[in-house]
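Here is a short guided walk through one protein model, written for someone meeting a structure like this in their first year. Keep the 3D view open while you read and look up each part as it comes.

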Amino acid sequence: MHSYFRCPCWSVSVLNCDLHCHSTCSDGLLPAAEVARRAAANGVEMLALTDHDDLDGLPAARAAADAVGMAFVNGVEISIEWEALQIHILGLAFNRADPALNAGLAAIRSGRIERARRMSAELEKVGIAGAFEGAMRFAANPSLVSRAHFGRYLVEIGVCKDLRSVFESYLVPGRPGYVDHRWATLSDSLRWILGAGGLAVVAHPGRYKLSRADMRRFLGEFKDLGGQAIEVMSGSHTAEHVDAFGRLAREHDFLASRGSDFHGPGESYVDLGKLAPLPAGLTPVWQAF
């Protein structure tokens, strides 16, 4: 990793790192600067803003973090497809100006609006009209319209009581409203992140429908391609997930990451900075920054 990402204030003793969260630049509810200020107010010592496939919120988040004395690293959450399954890879502490990374993210974003139109058409088949227009009202960044924006519209019109219910009933494979989309490959995402001098992390692995054998196979491929870390502590992880992925981190010699996956007040598994500490015996990913 390039030396210019190191900072003397990023001590290995730092414990409250939140390295996974979102702003209105993707599918979060708060502007990037407000996310950083909320994190600092909640006791976060180091933050990474990791919007989906977009880097636009990083300057504002960094400026807000600097203003309150909180360490900040560049972040992004890249949507990939591995054996027909959508998986997310976090990039951390990279050069934001890297041309290949920016071009790759732009390519991913380019198909989102067409995907949104197809989602709306599928929802209309089950009697839900106006979903495209409704979702776009919630998307501050139209080029990153996502399932979360559709979910907020469906909650607004009373189809479901909350975002989690929408996803379970409408927006996951096998349900009306879900459509396939061609994402980046695992190799693409790691090439972009590593080429920009960053560090690659598997986001919330407990959310993927992979058998134990397939998860080990995926993690082996991830490591072979240069992947360095796994998100052990995630807002969506149960205690069983933490134990399981802590063991896998040790087994594969991965660094361990920690992130709330905060999207907004009242809509997230856990607030910024409120996760439990990493389990003992794991090497925190922030020691590599």
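Let's begin with helix α6, which spans residues 147-156 and is largely enclosed by the rest of the structure, because eight of its ten residues are buried. Please keep in mind that this is a predicted model. The buried residues of α6 are R147, A148, H149, F150, G151, R152, Y153 and L154. And what do the buried residues of α6 pack against? Their partners are β4 (85-92), α4, α5 (131-138) and α7 (163-169). After α6 comes G158, a residue with a positive phi, near 85°.

One of those partners, helix α4, covers residues 112-125 and contains R112. Is R112 buried or exposed? R112 counts as buried, because its relative accessibility is 4% and the cut-off for buried is under 20%. If we leave aside the neighbours within four places in sequence, R112 is in contact with H52, D53, S79, S143, L144, V145, S146, H181 and W183.

**Pockets**

Now for the empty space. Rolling a probe the size of a water molecule over the atoms shows where such space is left. The largest pocket has a volume of about 1,300 Å³. It is lined by 39 residues, and those closest to its centre are R147, F167, V172, R207 and Y269. You have already met R147 as one of the buried residues of α6. The elements giving two or more residues to the lining of this largest pocket are β3 (71-82), β4, α4, α6 and α7.

The second largest pocket has a volume of about 260 Å³. Of the 13 residues in its lining, R212, M215, A244, F245 and L248 are the closest to the centre. Two or more lining residues come from each of α9 (212-224) and α10 (239-252). The largest share belongs to α10, with five residues.

Here is how the two linings divide by residue type:

| Pocket | Nonpolar | Polar | Charged |
|---|---|---|---|
| Largest pocket | 13 residues | twelve residues | 14 residues |
| Second largest pocket | seven residues | two residues | four residues |

**Nonpolar cores**

In soluble globular proteins, nonpolar side chains tend to be buried together. In this model, the largest nonpolar core has 74 residues, and L19, L47, I78, I89, F218, V285 and F289 have the most contacts inside it. Strand β3 gives the most to this core, with seven residues. A second core, separate from that one, has 17 residues, including A139, F150, Y170 and L171. F150 is also among the buried residues of α6.

**Aromatic rings**

F218 deserves a second look. Leaving aside neighbours within four places in sequence, F218 is in contact with W82, I87, I89, L186, V202 and L210. How many aromatic pairs does a search of the whole structure find? There are three. A pair of aromatic rings is described by the distance of the centres and the angle of the planes. For F218 and F222, the centres are 6.4 Å apart with 20° between the planes, and the pair is stacked. Both residues lie in helix α9, four residues apart, about one turn of the helix. Both F218 and F222 are buried. Together with W82 and F254, they form one aromatic cluster.

Technical notes
Residues numbered from 1 in each chain as written. Predicted model: local features only at pLDDT ≥ 70, side-chain atom pairs only at ≥ 80, totals over all residues. Heavy atoms only, no water. Buried < 20%, exposed > 50% of the residue type's maximum accessible area, 1.4 Å probe, protein only. Contact = heavy atoms within 4.5 Å. 1 Å grid on protein atoms, 1.4 Å probe; cavity = no way out; pocket = protein on both sides within 12 Å on 5 of 7 lines; lining within 4 Å. Points joined across faces, edges and corners; volume = space filled by probe spheres on them. Nonpolar A, V, L, I, M, F, W, Y, C, P; charged D, E, K, R; others polar. Core = buried A, V, L, I, M, F, W, Y, C linked by side-chain atoms within 4.5 Å. Phe/Tyr/Trp six-rings, centres within 6.5 Å; stacked < 30°, edge-to-face > 60°.
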